[in-house]
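The following explanation is intended to be read alongside the sequence and the coordinates. It proceeds from the chain as a whole to individual residues and their surroundings.

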Amino acid sequence: MAKTVCVNGRKRPARAGQDAAGRQAARKRRRVDGGGRGPEEKPSRLTAALFGEDCEISHEQLYELLKYAALGKCHKAAQPSWCHIYHQSHLAGVVVIVLHEMSQLHFYKFYLQFKHLRKVFQHRFTLTPSANFLASLYGEGATPKAPNTAQGLAPTSSSCIPNSSALQCDPIIQKYGEKKRGLTSYTLTLEEQKKNFYPIKGSPGCKGYVHTECDQQRTDSSPLFGLDCEMCLTAKGNEVTRVSLVDAQGRCLLNELVKPESTVVNYRTRFSGITKKMLLPVKTRLSDIQTRLKKLLPHDAVLVGHSLNSDLQALEMIHPSVIDTSLLFARNEGRRFKLKFLAKAVLGKEIQCEQKLGHDPAEDARAALELAQFFIEQGPAKVAELNLEMLLTTEKQAEVSRNKVASQPQGCRVQKQPNEPPRPPKPCLLLSASFLDCLQVTGQKPLLLGRQELNPSGLWQSNLSTSNKQILQRALKDVPLSTFSIIQFSLGPEYITSHLLAALGEKVRSKLTDMLTIYAGPFEETFCLKSVKKEFGRCGPIQSLTLVTETHQPYVCIQYEVLEAAQLAVESLNGAEVAGSCIKVQRPVSAATLDCDALIKELELDVENEGVIYVAGLKPSVTEMDLQEEFSQLKDLETLFLPKDLQSGKHRNCCFLKFQKSQSAVDAQEVINGWTAKGSKLRTRNALASGHLWRWIWQMNHSSKKQGAPILHAQMEQLSDLEQDLKKKVKKLDHHIKKLYRSLQNNTLCVVLFPGVNSMLGSQAGLGLMGIKDDAGRSAC
């Protein structure tokens with residue numbers, strides 16, 4: 001099929017040679033010439049469901065985003081699983097700004113100073129900290145040599161077996177360690193199931209799903225069952241047309257054809273093996289299969305499958321304990337091995353053969369089960385020694401060679417001489433190679449600027465004499481000429497000592513505690529403390545409530561778990577009559593809280609909180625499904641987040657609602673205030689700390705219980721002396737980023753990263769901000 005380009009809203013055949021590289025070169029020329037977007041260029045957009053518990057992003061997910069943004073589909077880079085880039089091919093470039101040795105702690109300690117960052121980037125996420133962030137981002141390390149044979153998958157030389165240092169970098173070892181574990185160590189956690197779109201009890205999209213009722217606690221001797229389904233495309237979507245279940249011995253317990261409820265649009269015979277003729281006599285329906293599976297599975301069953309989430313979604317069933325072999329055999333960048341490759345490389349079995357019509361679900365279920373059994377019995381170290389990335393590269397290389405030979409005319413094929421030694425395969429880029437290698441292979445030379453740079457030999461070198469101003473000057477000159485740039489700024493080495501970082505953390509935690517704390521009173525001597533707790537509890541989850549007896553009349557000190565609750569109490573209960581007394585509600589007055597009102601106002605106006613409101617007064621028994629039903633009449637409601645205690649896992653008596661439009665959020669507040677939901681009166685206000693910030697505040701609020709060595713008074717004094725200087729440096733740093741951002745071409749993806757700190761002395765979570773620059777100078781969403 002001929003390629004097309006969009007010109008004035010119409011699709012026309014592309015000119016010869018107008019490939020991805022050509023379009024990229026044209027974009028580069030426009031940047032150099034100072035030209036804007038051409039009429040054929042659509043503005044790129046970025047969407048990400050970074051709300052509530054989905055705000056923590058791993059380095060693999062970040063790598064996945066950057067790789068797709070830089071390379072796109074034309075270089076077989078996958079669309080990121082956690083966000084979506086529309087019109088990636090129209091991106092003018094990718095710029096990553098790394099704030100060396102800075103964490104989420106720095107951003108919120110100097111929140112008012114980071115004025116530009118807060119106003120421009122709407123998408124924010126928590127970034128898991130790394131001991132060496134730059135190495136993990138760039139994929140530092142030598143590329144292993146290719147094996148001596150390209151004829152099959154099995155390595156024939158010791159050079160194919162990774163050494164101990166390479167083994168430590170293997171994603172399987174990084175995920176599971178080297179020691180053998182029982183099967184329960186490899187079942188997906190609830191968080192992993194959510195992240196990989198498994199059907200979960202109580203989730204909004206799982207209404208009407210059937211639970212397998214396998215609720216018994218799992219042990220390492222729990223039985224394994226392999227499951228696989230084949231689907232056809234119907235008017236409803238993907239529907240199950242064949243189901244197979246095998247036990248731990250590989251015996252087939254169920255292998256049934258299923259009649260879809262809706263009309264089949266595409267049988268997908270090439271993959272499913274299903275034809276119209278096969279389904280004509282079938283009477284079995286999905287409900288029959290659900291009943292049979294419930295009967296066949298014991299109460300402690302563990303289901304095994306390859307990308308099992310799609311099978312369970314199609315079956316409309318919920319099962320709490322699963323092993324997913326596509327995630328078990330871990331890879332970098334969020335990529336996954338195909339089942340066919342794993343069966344051949346690990347088990348030595350050929351499945352999904354081209355000679356067969358479609359996949360055999362019983363064969364696939366058995367292969368997934370045996371792969372899980374192999375992993376559990378042999379352990380991660382043995383699996384890592386197989387060097388699956390190398391084997392996959394060798395297989396692809398061999399396939400390319402075979403295709404080249406097959407495509408040559410018979411007379412043009414080079415005949416190998418009888419005594420000629422075997423030719424070594426040409427070196428090829430490993431799929432696990434570094435990001436820099438991936439870019440350079442595609443002809444893109446990345447720009448790396450900062451206090452840590454790569455020299456021509458590819459090794460790290462430090463240049464501490466380089467200032468942020470010098471880095472900015474080089475960036476303003478060189479970034480427009482590069483399609484991928486990483487710019488590293490720093491506060492300077494004098495500010496990154498572990499003791500000062502601990503003191504900084506203590507200051508932030510102390511200020512947060514004051515902002516979450518209110519004093520209410522005075523009350524009568526005989527007042528009822530229970531009624532006070534009930535009234536203030538309607539504003540949000542309370543962490544502690546204590547009686548103050550040092551005063552002439554009793555007061556109550558209340559510490560909340562979320563900022564919105566404390567602010568709502570100040571706004572709605574100050575001057576109100578509670579427990580028979582007209583009371584005053586106020587925050588403690590200290591030097592740290594003098595700018596509290598300014599901070600609250602800035603949080604409320606933060607671009608991240610646009611269209612987000614906080615709702616308090618929910619009953620503890622309320623579920624997410626209840627709330628979805630309760631708030632379904634609200635216009636433009638996009639997402640609902642019901643926070644839970646990170647220790648007990650219980651839901652709090654508040655939630656956050658995100659709307660597509662800011663005005664819809666305003667209208668919703670008017671409707672909800674005083675509304676009775678499930679027998680409780682609701683209160684609402686604008687959000688202050690949604691998403692990643694809510695979780696971070698909770699962790700900071702509970703950090704005092706886990707503190708190790710106490711913070712010395714001398715350290716706090718030393719930090720106080722440096723604090724004014726730090727504020728000036730942060731303000732200047734924010735200005736540098738603003739200047740760099742303004743110089744960027746429209747349609748440029750810009751990602752700002754506070755990488756976090758991870759050392760022997762403790763860790764601090766990182767923070768990411770991202771967006772695609774639009775014509776108005778603000779990130780497009």
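The paragraphs below take up the overall chain, its nonpolar core, and then several local features.

The model is a predicted one. Its chain contains 27 helices and 36 strands. Of the 781 residues in the chain, 50% are buried. The accessible surface of the chain amounts to about 38000 Å², and carbon and sulfur atoms account for 51% of that surface. Long-range contacts can be described by sequence separation: among contacts between residues at least 6 apart in sequence, 73% link residues at least 24 apart.

The interior may be entered through the largest nonpolar core, which comprises 52 residues. Ile487, Phe489 and Phe754 are the residues with the most contacts inside this core. Beyond its neighbours within four places in sequence, Ile487 is in contact with Val95, Val96, Ile97 and Val98, among others. The contacts of Ile487 also include Leu447, Leu449, Ile471, Ala475, Val479 and Leu740.

One of these partners, Leu447, belongs to strand 16, which spans residues 447-449. Is Leu447 buried or exposed? Leu447 has a relative accessible area of 15%, and because the cut-off for a buried residue is under 20%, Leu447 counts as buried. Although Leu447 and Ile487 are 40 residues apart along the chain, their C-alpha atoms are separated by 8.0 Å. Setting aside residues up to four places away in sequence, Leu447 touches Asp478, Val479, Ser482, Phe484, Ser485, Ile486 and Ile487.

Two further partners of Ile487, Ile471 and Ala475, lead to helix 19, which covers residues 468-478. Which residues of helix 19 are buried? They are Asn468, Ile471, Leu472 and Ala475. These residues lie on the same side of helix 19 because they cover an arc of only 100° around the axis. The spacing follows a general rule: an α-helix has 3.6 residues a turn, so residues three or four places apart point the same way. On the other side of helix 19, Lys469 and Lys477 are exposed.

Helix 14, residues 339-347, offers another set of buried residues, namely Leu339, Phe341, Leu342, Ala343, Ala345 and Val346. Gly348 follows helix 14 and has a positive phi, near 70°.

Positive phi values also occur in residues other than glycine. Arg268, which is not a glycine, has a positive phi of about 50°. This residue lies in the loop between strand 12 (264-266) and helix 9 (269-272), and Arg268 is partly exposed, at a relative accessible area of 30%. Glu316 likewise has a positive phi, near 55°. Its location is the loop between helix 12 (308-315) and strand 14 (317-318). With 22% relative accessibility, Glu316 is partly exposed.

A hairpin provides a further backbone feature. Strand 10 (residues 238-246) pairs with strand 11 (residues 252-257) in the antiparallel sense, over five bridges. Within this pairing, Asn255 in strand 11 stands opposite Ser244. Five residues lie between the strands of the hairpin, and Gly250 there adopts a positive phi near 85°.

The next stop is the peptide bond between Gly521 and Pro522, which is cis, with omega about 0°. Pro522 is located in the loop between strand 20 (517-521) and helix 21 (529-537). Ser581 contacts Pro522, together with Phe523, Glu524 and Ala576, when its neighbours within four places in sequence are left aside. What is the relative accessibility of Ser581? The value is 5%, so Ser581 counts as buried. Ser581 is placed in strand 24 (residues 581-582). A polar atom of the Ser581 side chain lies 3.3 Å from the backbone nitrogen of Glu524.

Finally, Trp675 is situated in the loop between helix 25 (662-672) and strand 29 (676-677). Despite this loop position, Trp675 counts as buried, at 18% relative accessibility. Apart from its neighbours within four places in sequence, Trp675 is in contact with Glu630, Phe631, Gln633, Leu634, Ser680, Lys681 and Leu682. Trp675 and Gly617 are 58 residues apart in sequence, and their C-alpha atoms are 10.0 Å apart in space.

Conventions:
Residues numbered from 1 in each chain as written. Predicted model: local features only at pLDDT ≥ 70, side-chain atom pairs only at ≥ 80, totals over all residues. Heavy atoms only, no water. Helix = DSSP H or I, 4+ residues; strand = E, 2+ residues; numbered from the N terminus. Buried < 20%, exposed > 50% of the residue type's maximum accessible area, 1.4 Å probe, protein only. Contact = heavy atoms within 4.5 Å. Areas by Shrake-Rupley, 256 points an atom, 1.4 Å probe, with all protein chains shown as cover. Polar contact = N/O pair within 3.5 Å; in protein donor to acceptor, adjacent residues only side chain to side chain. Pairing = 2+ DSSP bridges. Core = buried A, V, L, I, M, F, W, Y, C linked by side-chain atoms within 4.5 Å. Arc of directions from axis to C-beta.
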